[in-house]
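Got a protein model to explore and not sure where to start? Let's walk through one together, a question at a time.

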Amino acid sequence: MIYRSTKGTAPEVSLEEAVVKGLAPDRGLYMPERIPTLPKEFFDRLPKMSLPEMASEIAAALFGEDVEPDKLKALTEDAMNFPIPLVKVSDNILSLELFHGPTLAFKDVGARFMARLLGYFNRDNKDRMVNVLVATSGDTGSAVANGFLGVDGVRVFVLYPKGKVSPIQEAQFTTLGRNIEALEIDGTFDDCQSLVKQAFLDKELNDAMMLTSANSINVARFLPQMFYYFYAWAQLAATGADMDKVVVCVPSGNFGNITAGLIAKRMGLPIKRFIAANNANDIFYQYLKTGKYSPRPSVQTIANAMDVGDPSNFARVLDLYGHDHAAITNEISGCTYTDEEIGDTVCDTLEQTGYQLDPHGAVAYRALKEYLKPGETGIFLETAHPAKFKATVEEITGKEVAIPERLAAFMRGEKKSVELPADFAAFKSHLLKMV
Ligand SMILES: *Cc1c(COP(=O)(O)O)cnc(C)c1O
């Protein structure tokens with residue numbers, strides 16, 4: 001498969017090059033040149049398949065030309081080796097719990113797949129050192145750091161905004177050591193993301209070391225996120241629900257997760273429509289309403305993994321729909337909620353249904369409550385375990401959230417980080433010291 005840039009002015013590349021480069025040299029995002037459709041026979045079998053089985057068939061359709069079949073199957077099954085249950089919350093709304101992986105957030109899926117794929121591409125390049133740069137508002141850093149921990153030939157730099165991630169999130173990428181370095185940036189998430197973007201465009205840096213991204217910019221992180229849309233659909237189909245009226249709602253920040261779902265739909269998955277749920281950072285919501293895309297600095301909210309002022313995968317959404325605003329609004333609607341509304345939703349849902357939402361899932365659950373039409377069934381992606389936002393959730397509900405042992409173990413580790421200003425020159429000279 002060939003990958004092309006959304007800007008269309010960079011050369012087309014192979015999967016390996018797209019993964020190793022991350023961002024295209026013209027600052028566009030790589031997209032597969034064509035989106036394969038899966039046969040009806042595949043969808044007939046889907047309700048009886050396990051997650052690793054269906055993931056490896058979907059992976060074969062996307063990456064089969066670029067990775068040896070048995071290796072692709074093994075690495076996909078290994079990456080997807082944890083449960084993703086679909087849990088009924090209220091009458092016509094179900095939660096796809098994406099938080100049963102190693103760091104208890106959905107980003108484990110993409111990060112684990114990408115780490116294994118990069119490991120595969122590195123097998124013939126024993127001397128190659130790939131430096132992964134990842135900007136995080138909390139969850140990406142932990143998923144990527146844990147996904148790549150101990151992978152040969154890969155070094156990971158996690159950039160995170162000082163004082164703006166929860167202690168549990170911070171512990172998950174600052175206590176690992178080995179090939180993982182945490183960079184504590186005196187600035188916002190957008191500053192971190194901007195430093196990473198500048199690094200990819202800096203000629204001197206790129207000549208000195210091989211750099212790639214593990215944000216959802218990277219196709220190897222972003223595309224595998226489609227696997228669980230198929231799995232959600234399959235689990236629902238197995239219950240005998242009306243499968244013509246399935247609505248999927250995704251709590252969105254950089255829009256990698258929902259874009260993977262949009263591509264799943266292109267591959268033939270019959271999802272009726274999508275809702276992109278925003279917190280107060282409602283840039284996409286405003287785009288849907290006005291047709292104008294106006295990025296602006298992010299504001300801090302209690303769903304902080306969605307505090308994004310210029311969603312990087314917006315370029316992919318535009319690309320998928322040929323920049324046609326009407327086509328986009330036909331398949332995707334939006335919503336935006338304040339912290340107060342998010343908090344009320346966490347509280348009310350716990351009281352009325354017994355289901356403990358995290359603040360991100362709450363944004364999406366509320367959207368389904370408000371916007372599902374009669375006869376539709378809603379699935380929302382519950383992107384993180386509520387314990388990852390323990391302090392916030394407890395303050396809202398007044399009830400204790402138990403910390404799973406996997407998270408508690410991170411908290412016992414020793415924090416190690418390098419403090420840097422939000423300044424590209426300082427960041428660059430730090431990286432160059434590693435060569
Ligand atoms: C990253 C993240 C999101 C947003 O996902 P995008 O792919 O960036 O839209 C939502 N919820 C949680 C918990 C996250 O970590």
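What follows is a set of questions and answers about this predicted model.

Q: Which residues touch the most other members of the largest nonpolar core?
A: That core has 137 residues. Helix α11, residues 227-237, gives the most to it, with 10 residues. As for single residues, the ones touching the most other members are Met-226 and Phe-230.

Q: Which residues does Met-226 contact, once its neighbours within four places in sequence are left aside?
A: Met-226 is one of the two residues that touch the most other members of the largest nonpolar core. With those sequence neighbours left aside, its contacts are Ile-58, Leu-62, Ala-260, Ile-263, Ala-264 and Met-267.

Q: How many residues are in the second, separate core?
A: Besides the core of 137 residues, there's another one, set apart from it. Among its members are Val-196, Ala-199, Phe-200 and Leu-211. Its size is 20 residues.

Q: Are α3 and α11 parallel, antiparallel, perpendicular or oblique to each other?
A: Helix α3 covers residues 51-63, and its axis lies 9 Å from that of α11. The angle between them is about 130°. Roughly perpendicular stops at 115 degrees and roughly antiparallel takes over above 145. The angle falls between those cut-offs, so the pair is oblique.

Q: How do the residues in the contact of α3 with α11 divide into nonpolar, polar and charged?
A: This crossing is right-handed. On the α3 side you'll find Leu-51, Met-54, Ala-55, Ile-58 and Ala-59, and on the α11 side Phe-227, Phe-230, Tyr-231 and Ala-234. Sort them by type and you get 9 nonpolar, no polar and no charged.

Q: How are α16 and α17 oriented to each other?
A: Helix α16 is residues 339-353 and helix α17 is residues 359-371, with axes 9 Å apart. They pack at an angle of about 80°. The range from 65 to 115 degrees has its own name, so these two helices are roughly perpendicular.

Q: How do the residues in the contact of α16 with α17 divide?
A: From α16 come Glu-341, Ile-342, Asp-344, Thr-345, Val-346, Thr-349 and Thr-353. They meet Pro-359, Ala-362, Val-363, Tyr-365 and Arg-366 of α17. The tally is 6 nonpolar, 3 polar and 3 charged.

Q: Is Thr-383 buried or exposed?
A: Thr-383 sits in the loop between β12 and α18. Setting aside its neighbours within four places in sequence, Thr-383 contacts Leu-104, Ala-105, Phe-106, Pro-251, Asn-257 and His-360. Its relative accessibility is 6%, and the cut-off is under 20%, so Thr-383 is buried.

Q: What distance separates the C-alpha atoms of Thr-383 and Glu-97?
A: Along the chain, these two are 286 residues apart. In space, their C-alpha atoms are separated by 6.9 Å.

Q: Why does Leu-104 count as buried?
A: Leu-104 lies in the loop between β4 and α5. Its phi is positive, near 60°, even though this residue isn't glycine. To count as buried, a residue needs a relative accessible area under 20%. Leu-104 is buried because its value is 2%.

Q: Is His-323 buried or exposed?
A: His-323 also has a positive phi near 60°. You'll find His-323 in the loop between α14 and α15. Its relative accessible area is 54% and the cut-off is over 50%, so His-323 is exposed.

Q: How many of the residues of α6 are buried?
A: Helix α6 spans residues 139-148 and is mostly covered. Its buried residues pack against α5, β5, β6, α7, β7 and α10. After the helix comes Gly-150, with a positive phi near 80°. The buried count for α6 is 9 of its 10 residues.

Q: Which elements do the buried residues of α7 pack against?
A: In α7, 7 of its 8 residues are buried. They are Ile-168, Gln-169, Glu-170, Ala-171, Gln-172, Phe-173 and Thr-174. Their packing partners are α6, β6, β7, α18 and α19.

Terms used:
Residues are numbered from 1 along each chain as its sequence is written. This is a predicted model: local features need pLDDT of at least 70, side-chain atom pairs count only at pLDDT 80 or more; totals for chains, interfaces and linings use all residues. Side-chain values use heavy atoms; hydrogens and water are left out. A nonpolar core is a set of buried Ala, Val, Leu, Ile, Met, Phe, Trp, Tyr and Cys residues joined through side-chain atoms within 4.5 Å. Buried means under 20% relative accessible area, exposed over 50%, partly exposed in between (1.4 Å probe, protein chains only). Helices (H or I, at least four residues) and strands (E, at least two) are DSSP runs, numbered from the N terminus. Contact means heavy atoms within 4.5 Å. Axes are lines fitted to C-alpha atoms, for helices over the stretch in contact, and angles run from 0 to 180 degrees between N-to-C directions. Angles under 35 degrees count as roughly parallel, over 145 as roughly antiparallel, 65 to 115 as roughly perpendicular and the rest as oblique. A crossing is left-handed if the near helix is turned anticlockwise from the far one by less than a right angle, and right-handed if clockwise. Ala, Val, Leu, Ile, Met, Phe, Trp, Tyr, Cys and Pro count as nonpolar, Asp, Glu, Lys and Arg as charged, and the others, Gly among them, as polar.
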